[in-house]
Structures are given as structure tokens and as C-alpha cells.
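Colleague: I would like to learn how to read a model like this one feature by feature, starting from the overall layout and ending with single residues. Could you take me through it?

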Amino acid sequence: HGFAKLADEYHYSGNIPYNERLKFSELFTHMWYSNVDFTSDPAQVKWAPFLADARYKDEVGLFEGGLTYMYGVWRPSENSIMNDNQGCFNAPSRYTIWYRIHKLAYGSSWNGTFEDFAAYDAVNRNSTQAGSVGKSMVEMPRQKPSAPVITGRTWRKM
């Protein structure tokens, strides 16, 4: 969640207010919340490469609701760990985690591609159960998480 700067995908209130859209849009420009978007256009949504790729057809789609709002926000899967704290990360979230790990490990000169990720993610795609849209994710072991430890700087500078 925090490491990859992923958004909550659950929803329990109505339409997202305009001022909230502005606040979240600002975070979008800083590479935050790659797992939610304000458009339902398959060609423009942040995870458009997944929608256009047949390898992810049973896992990635457009589902309304996210950032705690029922309407005006879309997420890439029907359910994921970012929705109900159970299950696993959806493919766009896995991509974001993969991307962030590599950028931190190899620096700004690293330029991984979508195809590099798709090859890495093949084991996750192959565990997909046919016809289970939004439910084909890599199972993560259930453990009580440890508290974060930040040394030498604040979370704002990470």
C-alpha cells in the first residue's frame, strides 16, 4: 500500500466531490495511486496496456468505485487486497510494486518495459482461474504486519 503508493479500492460513499478529485489528481501527477483513475475510457485509463493485452483479459477491467467513493472513480479489478485486505494485488498494482522496486534498486537510468513486467509476471498470470475476472491474483501469506520503521528521514521525503 504505502511502498507502492497504491490507493484504497474500497468504496462506501456516493460521488467523489470535485475538491477531492483535485486533491487526488495532484497526487496522480507524482506517480501515486496508479490503481485508480477518474476515467472509464479503456484507451485512456492508467492500466490501458493491461486492457489491450490478451494475457490479462481475465484479470483486468474497469470497475467503478475506489478511494472510498462509489461513483466517479474506477479500479482495475473487481476485488483485490486494496479493496478488502484479503486476497492479492491485481496486475496493475503488481506492476507498480515491480516498477518501484526496480527504480529504487537500479536508479533513474533503469528503463523496464511493460513486456519485461509481463515476462516476470507470467507465473502470476498462469495461476489465473479461467472466468474469474478480478479474482486471479497471487496469494500472499497471512501475517500480522510489522509497524513501519523510517530512519534518517521523514516519510514525506521518500
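**From layout to single residues**

Modeller: Read along the sequence, this protein follows the pattern β-α-α-β-β-α-α-α-α, and the coordinates are those of a predicted model. The elements amount to 6 helices and 3 strands.

Colleague: What share of the residues counts as buried, and how much surface does the protein expose?

Modeller: Of the 158 residues, 39% count as buried, while the exposed surface comes to about 9,600 Å², with carbon and sulfur atoms supplying 55% of it. A further overall figure concerns contacts between residues at least 6 apart in sequence, of which 64% join residues at least 24 apart.

Colleague: How do the strands pair, and which of them run parallel or antiparallel?

Modeller: Strand β2 (residues 63–66) is joined to β3 by 3 bridges, and these two run antiparallel, with F63 standing opposite R75 in β3. Strand β1 is also joined to β3 by 3 bridges, but here the strands run parallel, and H11 stands opposite T68 in β3. As for burial, 6 of the 8 residues of β3 are buried, so β3 is largely enclosed by the rest of the structure.

Colleague: What should I look for in the turn between β2 and β3?

Modeller: The general idea is that most residues other than glycine have a negative phi. In this hairpin, β2 and β3 have 1 residue between them, and L67, although not a glycine, has a positive phi of about 55°. L67 counts as buried because its relative accessibility is 5%, below the 20% cut-off.

Colleague: Where else does a positive phi appear in a residue that is not a glycine?

Modeller: K5 has a positive phi of about 60° although it is not a glycine, and its place is in the segment before β1 (11–15). With a relative accessibility of 14%, K5 also counts as buried. A glycine case is G107, which follows α4 and has a positive phi near 85°.

Colleague: Turning to helices, how do I recognise which side of α1 is buried?

Modeller: The general idea is that an α-helix has 3.6 residues a turn, so residues three or four places apart point the same way. In helix α1 (residues 18–28), the buried residues are E20, F24 and F28. They cover an arc of only 85° around the axis, which puts them on the same side of α1. The face turned away from that buried side carries the exposed residues Y18 and N19, and what covers the buried residues of α1 includes β3 (68–75).

Colleague: How can the span of α4 be checked against expectation?

Modeller: One compares the distance between the end C-alpha atoms with the span expected at 1.5 Å a residue. For the 16 residues of α4 the expected span is 22 Å, and the end C-alpha atoms are 22 Å apart, which agrees. The buried residues in this helix are A91, P92, S93, R94, T96, W98 and H102.

Colleague: Taking R94 from that list, is this residue buried or exposed, and where does it lie relative to F117?

Modeller: R94 has its place in helix α4 (residues 91–106) and counts as buried because its relative accessibility is 9%. The C-alpha atoms of R94 and F117 are separated by 9.0 Å, with the two residues 23 apart along the chain.

Colleague: How would you read the surroundings of a loop residue such as N35, which lies between α1 and α2?

Modeller: I would begin with burial, then take the polar contacts, and then list the remaining neighbours. N35 lies in the loop between α1 and α2 (48–51) and counts as buried at 0% relative accessibility. A polar atom of the N35 side chain lies 2.8 Å from the backbone nitrogen of A7, and a polar contact of 2.9 Å joins the side chains of N35 and E9. Leaving aside neighbours within four places in sequence, N35 is in contact with L6, A7, E9, W47, W74, R75, P76, M82 and S93. Two of these names have already come up, since R75 is the residue that F63 stands opposite in β3 and S93 is among the buried residues of α4.

Notes
Residues numbered from 1 in each chain as written. Predicted model: local features only at pLDDT ≥ 70, side-chain atom pairs only at ≥ 80, totals over all residues. Heavy atoms only, no water. Helix = DSSP H or I, 4+ residues; strand = E, 2+ residues; numbered from the N terminus. Buried < 20%, exposed > 50% of the residue type's maximum accessible area, 1.4 Å probe, protein only. Contact = heavy atoms within 4.5 Å. Areas by Shrake-Rupley, 256 points an atom, 1.4 Å probe, with all protein chains shown as cover. Expected span 1.5 Å × (residues − 1). Arc of directions from axis to C-beta. Pairing = 2+ DSSP bridges. Polar contact = N/O pair within 3.5 Å; in protein donor to acceptor, adjacent residues only side chain to side chain.
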